[in-house]
Amino acid sequence: MSIPRRLTPVLAALAAAVLGSSLATAGATAASAASGTPTGSTTLHHCYGKVRQVDDGDTVTVKLTSGCFSFAKGQSIIVRNAAIQATEIRHGSTPGQCWGNQAMRRVEKLLPVGHRVRLTSYRLTKSNEPDAAGHTRYIFYVDLARPSTNGGPWYDLQKDELLHGLVLWKQENVEVSRLTRYLRYAQQAMHAGRGMWGNPHKCGSTSYAGAVQPSMLQAWINYKTDGADSATNANDEFFAVRNTSGSTIKLGGWRFRDGSHIFGGDRTTYFVLPSGTVLRPGEVLKLFPGSGTDDKANLRFYDRSSRLPYYGNAPAARDSAGALVTTNGAHLQAGPNWPAQSVYLLDPAQNFRAWASYPCLDACSAPNLKITNIDPYHTTESLRVVNESSTAADLTGVVLSYDGLVKQFPAGYRVDGNASVLVRVARHGTDTATELFWPNGSTDHMLRDAGGRIWLRTANDVTIDFGRWGDGGSYRY
């Protein structure tokens, strides 16, 4: 059964509405998720005030014009914008980061001193990151009056910065009501090459970094472990970068980050690659979340995060036939465990050189592939993946998934137009241009004879096809 790659405009609008209103949080009940409010909170609060000063690209000080939560009218609070992350400006002797000043100047332009703003949240939450002076910040969405009238209309400050490519999308843990739409805005800026996504020389460059365009580096995230997520199999997940150019790229001092100041959830802002790291044409570098020994020669590095799993993969929705699908590639959930992430690769000058973001919510595409000839029987388990287009398809990052088990196609793997590849299931062997092997540990049998379903998706979570046989079986994500 093939899943349509594109939604009609009507369905797309409906999907956006559903996604934008979904607020499921960790431990949330189905009822609370359906109601569109976080667990333990049922009231959306609007607080009003005027700008006292812009602190940086994601922080503003507001003097309240009415009481708000426990704050009195006339009190000033420091507001941390929810669900975005600006790079840092200079603080004392600490140098700033590239794009920090640009984000701050944009906010200063939109929010001059005295401008009226609306602060929105479901609850009063302190940021775990105080400002540079150690003062407490409180997490709100900030909307500005535009034009400046008492009734609005209200203009979303965070949306503006994301669409201009001046800030990063941040996987929010508390105020999640706009999380999905913000990921869409960030991806729109990425695909349009706005701001930090379209200027790989903005922050200065070196002789080797200046020549590297983002198009030379293919990046993706393998967010699904083989089986249920655990510390044991955490390194089934990874962030990968492939050199698609014809030149060797020196990566010493390059760094990975996400939308948080603590990459991987519990360490520093960046994971920095050691000096002497090089990525030759066609090679793939992988960063794993768990423990392991860094291997510069084989381009395998380990973040050693203590907070696992690294990338989320909550269950997807089901279509009318019972197959696991996603709406335009997006799971119908939002919250701390919502399966979404963006990871970025920066050069030593802090230019953004490569990035990967899932689930895909904007300009989503997928190769024209179909699962056929599923044979579930013990001695001959196999299936075919057919390229139904007339041009060759790059299957880098494409994944087959069955009952919680995954098979990712090798980086750079291509299938010619109108050709196919045979996937031998529960068998070990050497992958070739026409035959792949999907082993399953020590067992020699994997597919349920009575029936089951196999999911084919891209690395950024666009459903390509769903193959099923027999009674359809059950599906464990």
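Leu-400 stands opposite Leu-456 in β29, and this facing pair offers a handy way into the first of two sheets described here. The model is a predicted one, in which local features need pLDDT of at least 70 and side-chain atom pairs count only at pLDDT 80 or more, while totals for chains, interfaces and linings use all residues. Residues are numbered from 1 along each chain as its sequence is written, and side-chain values use heavy atoms, with hydrogens and water left out.

Strand β24 (residues 399-402) pairs with strand β29 (residues 451-457) in the antiparallel sense over three bridges. Strands, at least two residues of DSSP type E, and helices, at least four residues of type H or I, are DSSP runs numbered from the N terminus; two strands count as paired if DSSP finds at least two bridges between them. Both strands belong to an open sheet of four strands with antiparallel pairing, in the order β25-β24-β29-β30. Its edges are formed by β25 (405-408) and β30 (463-470), each of which pairs on one side only. From one strand to the next, the twist averages 15°. For such angles, axes are lines fitted to C-alpha atoms, for helices over the stretch in contact, and the angles run from 0 to 180 degrees between N-to-C directions.

A second open sheet, also of four strands, follows the order β9-β10-β15-β16, here with mixed pairing. At its edges stand β9 (217-222) and β16 (300-302); each has a single partner strand, so one side of each is left without a neighbour in the sheet. Neighbouring strands of this sheet are turned by 15° against each other on average, direction ignored. The partnership of β9 with strand β10 (residues 238-243) is antiparallel and runs over six bridges. Within these strands, Ile-221 stands opposite Phe-239 in β10.

Turning to charged side chains, the structure holds 12 salt bridges, a salt bridge being a side-chain nitrogen of Lys or Arg within 4 Å of a carboxyl oxygen of Asp or Glu. Side chains of opposite charge can pair when their charged atoms come close. One of the salt bridges joins Arg-80 to Asp-58, with the closest N and O atoms 3.6 Å apart. This pair links distant parts of the chain, 22 residues apart: Arg-80 lies in strand β3 (residues 76-81), and Asp-58 in the loop between β1 (45-56) and β2 (59-64). Arg-80 is buried, with a relative accessible area of 3%, and Asp-58 counts as buried at 2% relative accessibility. Here buried means under 20% relative accessible area, exposed over 50%, and partly exposed in between (1.4 Å probe, protein chains only).

Which residues are linked in a network of salt bridges? They are Arg-118, Asp-143, Asp-156 and Arg-178. Asp-143 forms a salt bridge with Arg-118, the closest N and O atoms lying 2.9 Å apart. That contact again links distant parts of the chain, from Asp-143 in strand β6 (residues 138-145) to Arg-118 in strand β5 (residues 116-121), 25 residues apart. Asp-143 is buried at 3% relative accessibility, and Arg-118 is buried at 16%. Arg-178, in turn, forms a salt bridge with Asp-156 at 3.0 Å between the closest N and O atoms. Arg-178 sits in the loop between β8 (168-169) and α5 (179-192), and Asp-156 in strand β7 (residues 154-156), 22 residues apart. Both ends are buried: Arg-178 has 8% relative accessibility, and Asp-156 has 13%.
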